[in-house]
Structures are given as C-alpha cells and as structure tokens.
Amino acid sequence: MSQHDESELLERFRQRLSAIEAQVPEPPARDFARTGIRRRADDAEQRRVPALVALLASFVVLAVVLGPLLWGALPADRGASPSPAGDSAAPRPTLVAVPTQERPEPGTPQGCPAALAFGELVEHPEWGIALAADGQPGTDRVLWPHGFAGVWESDRLALVDGNGRAVAYVGDQVELGGGFIGNNSWLACGEIRVVAAASPSASPPPASTSPSPSNGPTLAPSSEPTAPPPSVGNIRDIPEGPLVGRSHHSAVWTGSEMIVWGGLPDGGEPLRQGIPIPDGAAYLPATDTWRPIPNGLLAARFGHSAVWTASEMIVWGGNAGHDGGILADGAAYDPATDTWRLISSGPAGRTLHTAVWTGTEMIVWGGVLASGEPRADGAAYDPATDTWRDLPPLPVEPRSAHSAVWTGDSMIVWGGDGPGPGNELDDGLLYDPTDQSGTRIAPDHLLRRAGHSAVWTGERMIVWGGTQGRPAAREPFSDGLAYDPSTGSWSMLNLVPSPGRFSHSAVWTGSEMLVWGGRTSVSGPASADGFAYDPEALHGCADLVDLPPVSDDSNTDSANEVAEIVFTAEGANDQLVRIRYTDPACRSHSLLGPYIEMLLEE
Amino acid sequence: MEDFEQVYMRHYRSVYRYVLGLTRSTDEADEVTADTFARAFNAWPAKPPAAGTELGWLLLTARRRTTDRWRRARRLVGLHFLREPHTATEQNVEFWLWFDALSRILPARQREVLLLRYQRDLSDADIGMVMGITPSGVRSLVSRALENLRAHPELLA
C-alpha cells in the first residue's frame, strides 16, 4: 500500500470516526486555583445522594428478602451451605462452596447482583472480615473478591485488595455492592466504598477508583495515592523501572541483579499480532533501583530464552512478531563491559521453549517451531567452543510455554501447552544429561498450567502463576507450589495474595523469588511491575503447607489451617473452583476466607 | 495555575475522546478524564511536561488510569467495576454499531493507534510514548490497521 493510499484511508477513517464528536462534551468549567478539580461523576454522586440513601435502604431490604431466593436458592442438603452468622464455635473457618451453576457468571450484566449493603466492617474469628449490616442482627459473612485479604497494620485490621492497597479498615462504615447468596453470605462483587472511616487517622488511601458519595472528594494533593503499595507479609513490591509492561520476555539473575530483556507489550494474540520490544533493564535489589542496558545486536523478540553463565546472559530463539517469524539466532550480553556479542546459529528456530544453564552448557528444550509444531527435543550450546549439539527427544509429551529449572545435576520440566488448543499439561520430567535419561514426574491435576514460571531454590522448584483454559477465556493463577525432587512431593506456598499473572518471568536470588511482568489476560495489558517473595519472612508461619487432597466433591477440606483448598468440578463446564480460608495463627499473612474464584471455559 | 487551566480547556475533549474510544462508555470517559486532569493538576507544579508534549502526557496518564480500572475489574472476577459499554441512544447508535464492526476487524492495539492518529497534532513519537512502543512500531501498527481496513471498504463508506 502506497503512502498516498494510507493517507487517503486514514482520512476516510477520520471522517467516519468524527461522528464520535457528538458524544464528546465541552470541558466543564473549573477554577483550579481556588477549588481544584472535582470529578464530574462526583458532582453527579452528590446530586444523587439523597435519593440514593432512600434507594439503598430499599435495596438492602429487597436483597435480604429476595437475595436468597434469587441468588442463593441453595439446596438445603448441600453440605457446604454457609452457616448463619455467629452460630458456630468451630475453631476453623467453615468452608463455603458455591455450586457453579448457582454462581453468577462473570462478565455479564447478570453476573453481579445489583443490591447494595451498608454496614460496618467487623473482625470475625471465622470469616476474617465480616459485615455488620445496618439494621440487621448479627454479622454477615462476606465472600470477598479474589485476591482480597485481611492484613494487620499495627493494631488495625485492613482489608487490602490484590495490589496490597488498603481498601477499608475494620470499623469503617462501608457500602458494598453485590448480593446475598445463601443465608447471610454476601457476595461482594460490586464496588466497595468507605462511607465513613472509623477515625480520621484510619482513613485508607482511595484505593477504589470510585468516589465517596458522602464526601464528594476534590482529589486534593494530600489524597493522591502517590506512595507505592505497602509491602505485605512475605511479599515486597518491586518498583517500576524504565521498561514498559510486557510479557513473554526473559529474565536472568546474575548474582546481584535481575536482567529483563525483550518481550511483548500490551494487547493482541501474541503469536500473530505481536510487535516485540527490543530493550532491557536490570533491577538491583540491593538498591531497589533499575538501570537500562543497551539494546544489543539482536532483533526484537518475545518467547525467547535466556540463561546466565556466571559471566554472560545468553539470549536465544524466540519470535520476531508479525513479520519476522521464528528465530534461530542468539547473542550474549556481558554486564561487566555492557556489550553484546553474537553466538553461532543453533538448531531450527523455536519459541516458547526453555533454556537452563548446567554449568558448562545451555540446554534449550521444547517450544514450538515455525510450523507451530511443539517439540520434545532440544539442543545444547557450549559457549567455550561456540558449538551446538542436538539432544534426542525426551520421553514426555511435546510442549511449549512450559517451565524448566536446573537443580545442579538434572533439569526439571513442568507443565506447558501440549499439542492442540486448550491442552495444558499437568506432568513433568526429570532429565539427567549425563546419561540422557528422563524420568517422568507423575501428573497432578491441580498443577495443570502453562505460561507459569519456575525457579530452583537449592532445595525445591517453586512453580508460580500461569494459566489454563482456552486462550480467549484464560485467567491467571496467583498460587505457588513447590516440588521437592528428593521426595517427589508437592507443597503449596503460603503466599499472601497478589494478582495472578502468566507469561511473566521469575528468578531466584538466593533468598527471594523476583516475579516481574506478565499478563492477566490474553488481550489485556501487560504488567510493568513485579514483586519479591521471601519465604523466610513469614515469622513463624509455615512457608509451605501440604497440598490438600484432590476431590471432585464440593466439600473438600484439609487438616491444615493454612491452606488453599482447590478442587475441580469436572463435568460442569470443566470449571475450576478455589477456596481459601483464614489461618488465625498467621492472620497477618493469611487470606481472608472463604472466597471463591472461578475459571470458566467458553 | 492559569497555564494549567489553558491546558485543561485545550485538551479536555482530546482526552475524553480517547478514553471514550478505549472504554466505549461515557461514564468511564467522564470519570477517567476527570481523574486524569486531577492527577495532572496535582503533578503539574512539580513535574510539568516539556512544552509541546502536554497532550501525550495527558493521554498516557489517561491510558494508565483506564488500564488500572480495567485491571481492577478483571482481577475481581465476576465484578462490575466497569460499567456496561456504551448505551446506545438514537443519536449515537449508528456510530457505535460502526465501532463494534470496526472492533471485530481491528485488534485493540490497531484500533487504539488509529484513535490516536485521529488526533492530528500527535507525532509518531507522542503516540509511541502513549502506547509504549517505538515510533517505527507506531507506523507499522498504523500500516497494519489500514491494511485491515482496506480489506473492509464497507467500514469506510
């Protein structure tokens, strides 16, 4: 297409789009010097307040009366039906399993009941943070959104969102959107607004994007949440650096810094529409700062691999995006000289593969070729001789977007996308390059995932995040699991909540796992942030907990106080349901519960 | 703050239009645009953008605010922090039907780059800053978007 054609097309597009102007208002008059800015919506909220109060009361009454009928018509004999507030002295939280067929479907107008509840947030021994609804006796159990948690800040119990930001505090008067499911269980699926803080000092930062209807905030500088989210429990936030958000990038740990390179920015189906990013930067935990690195000799790419050889970062393979295809070249970056050098060409180009450093060689394994065919073979590169040698296929299903770690004598491969769409794998392989033998690691249905990360801590392999499901419906995991090859057993990480992500990166620093970038959905924004997980920061609470048994029963339970109960409801649209609950002894780090998370296949 | 008021008057509609195109919701556009200028107002005295880059800076802020809201809505599975997309009225139904058809043809980033290209005073570098890509990436994205549009002449009729 010639430039003239492009200009003409663009002009016609502009003309067509210009119809949007009818919906673009003139700027509302503001006197910045005197009053600051007030949101238009706030003005509207203020005008609505008197009517809203009356409406809200009606909503609450209607929700109480109709909620159980509309949303919580749960069978009386359902074993996991919630117990009424305050009627149980059980030492552990009562699990609530909401049958998926009775659960609101996310993403639809009918997905969240339109009722509002008003009341005070109260601490509850079983449910973490509950709601003492206005005009209602007792307290209501709240099914909080995925990722929300109760965190003690000094002597105050804060309700924090998935970013670790305090949304409200116990004692606050709040307005909770959602509706009842079952008896006295409020599904908090609408907006959460603090109507009146417990005390002026207890006012949380405006984590919600919604204005407070009673105050009509003017967004004065003092209310601007400029401070980074607080670190919570064993999670520390990594400050944003010079890099834009991305996924399918690489990261290595050099011993002092994490080098992030390449990747894919926001939007688009990665394999078909991506325009990769050619830059990189290094994060230094010691100073909590970033430094840019030179772009180097390689074309921009994503879905490549990178290893650290003790002196260089070797980048190989990947996908150049829309026009560039699958790559078979690589280069090495030396931080000491801040320079790059090309390495010899390797095997056929591939992407979404993995690479590990054995101490003498880089083993590249798996991934997909330009034809889209996933592979179970690989190649080894020796930087001392700048040569490659082929590796035979291993006795495991071909895969891509899997993980691989080097334990010191073996490579552990886990999960990934198998042949065909929606075929995430739940098995792995222990590969010994000395005799080229491979031992399959038994499948575990709970660990089926792709696009996850894995690091080797010296004792265990930590698998974190990832996703499963058809591409258009993928939702991220936010849980972590640890595999001990000496016992062949899996455990769960006692992580505080953090937003799940996939196609991110993770490195082990010797004491922390640094997670950075990634996505929360296939076509959504890519993250430009990350966090550090320190298993030693739990101060007396176990960093690992036993994996609960798998069950198709909706009443799965565990003897562990700190646990995530995960079970699948096979047959009901292949839905995966998770429930977590509070550990009273470790509540400063634990999750509120119960809550629900639901992944739906389309 | 007279300078900021001028910036506000000059760029309010540009920011609003961009957010409206991203979210397809006038409510969202109302709130994000107001939020964007509120943040800009607070940050202006300490970190005024370079002359001539105000609009790009505002659009980048608006994009981040939209993304934040989108992330929050996505993370809260089953929640409705984002309102329903545009509510069709007699006045705008034709436009949004066209926009829906456009959305089926163009991926989000291609739509976005054209939305920004609609703004004649934005350079490739400005658009790249907003979208987090290089100027050549902007040109490539525009080219691909127009190529897609070329295959659907009914959308430009």
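This briefing describes selected structural features of chains A and B. The model is predicted. Chain A holds four helices and 39 strands, whereas chain B has seven helices and zero strands. A contact between a helix of chain A and a helix of chain B is described below, together with strands, an enclosed helix and individual loop residues.

**Overall make-up of the chains**

- Chain A has 602 residues, of which 58% count as buried.
- In chain A, 54% of the contacts with a separation of 6 or more come from residues 24 or more positions apart.
- Chain B has 157 residues, and 59% of these count as buried.
- Along its sequence, chain B reads α-α-α-α-α-α-α.
- For chain B, 64% of the contacts between residues at least 6 apart in sequence join residues at least 24 apart.

**Contact of α1(A) with α7(B)**

- Two packed helices are described by the angle between their axes and the distance between the axes.
- Helix α1 of chain A spans residues 3-17, and helix α7 of chain B spans residues 135-150; their axes come within 10 Å and cross at roughly 75°.
- An angle of 65 to 115 degrees counts as roughly perpendicular, so α1(A) is roughly perpendicular to α7(B).
- From α1(A), the residues in this contact are A:D5, A:E6, A:L9, A:L10 and A:F13.
- On the α7(B) side, they meet B:S143, B:L146, B:L149 and B:R150.
- By character, the residues of the contact of α1(A) with α7(B) comprise five nonpolar, one polar and three charged.

**A four-stranded sheet in chain A**

- Strands of a sheet pair through backbone hydrogen bonds, either parallel or antiparallel.
- Chain A contains an open sheet of four strands in the order β10-β35-β34-β33, and its pairing is antiparallel.
- Its edge strands are β10 (235-238) and β33, each of which pairs on one side only.
- From one strand to the next, the twist averages 20°.
- Within chain A, strand β34 (residues 513-516) and strand β35 (residues 530-533) run antiparallel and are joined by four bridges.
- The bridge partner of A:L514 is A:A532, which lies in β35(A).

**The loop residue A:R501**

- A:R501 is placed in the chain A loop that lies between β32 (489-493) and β33 (505-508).
- A relative accessible area under 20% counts as buried; A:R501 has 5% and is therefore buried.
- A polar atom of the A:R501 side chain lies 2.8 Å from the backbone oxygen of A:G517.
- The backbone oxygen of A:D529 is likewise placed 2.9 Å from a polar atom of the A:R501 side chain.

**Strand β5 of chain A**

- Strand β5 of chain A (residues 156-160) is largely enclosed by the rest of the structure, because four of its five residues are buried.
- β5(A) runs antiparallel to strand β6 (residues 166-169) of chain A, and three bridges join them.
- Opposite A:A158 stands A:Y169, in β6(A).

**Helix α6 of chain B**

- Helix α6 of chain B (residues 124-131) is largely enclosed by the rest of the structure, because six of its eight residues are buried.
- The buried residues of α6(B) are B:D124, B:D126, B:I127, B:G128, B:V130 and B:M131.
- B:G132, just after α6(B), takes a positive phi of about 75°.

**Positive phi in residues other than glycine**

- Most residues other than glycine have a negative phi.
- A:D288 is a residue other than glycine with a positive phi, near 60°.
- In chain A, A:D288 occupies the loop between β13 (280-284) and β14 (289-293).
- With a relative accessible area of 34%, A:D288 is partly exposed.
- B:R24 is not a glycine, yet its phi is positive, at about 60°.
- B:R24 is located in the loop between α1 (2-23) and α2 (26-43) of chain B.
- The relative accessibility of B:R24 is 19%, so this residue counts as buried, given that the cut-off is under 20%.

Key: Residues numbered from 1 in each chain as written. Chains lettered and ligands numbered in written order. Predicted model: local features only at pLDDT ≥ 70, side-chain atom pairs only at ≥ 80, totals over all residues. Heavy atoms only, no water. Helix = DSSP H or I, 4+ residues; strand = E, 2+ residues; numbered from the N terminus. Buried < 20%, exposed > 50% of the residue type's maximum accessible area, 1.4 Å probe, protein only. Polar contact = N/O pair within 3.5 Å; in protein donor to acceptor, adjacent residues only side chain to side chain. Pairing = 2+ DSSP bridges. Axes fitted to C-alpha atoms, helices over the stretch in contact; angles between N-to-C directions. Parallel < 35°, antiparallel > 145°, perpendicular 65-115°, else oblique. Contact = heavy atoms within 4.5 Å. Nonpolar A, V, L, I, M, F, W, Y, C, P; charged D, E, K, R; others polar.
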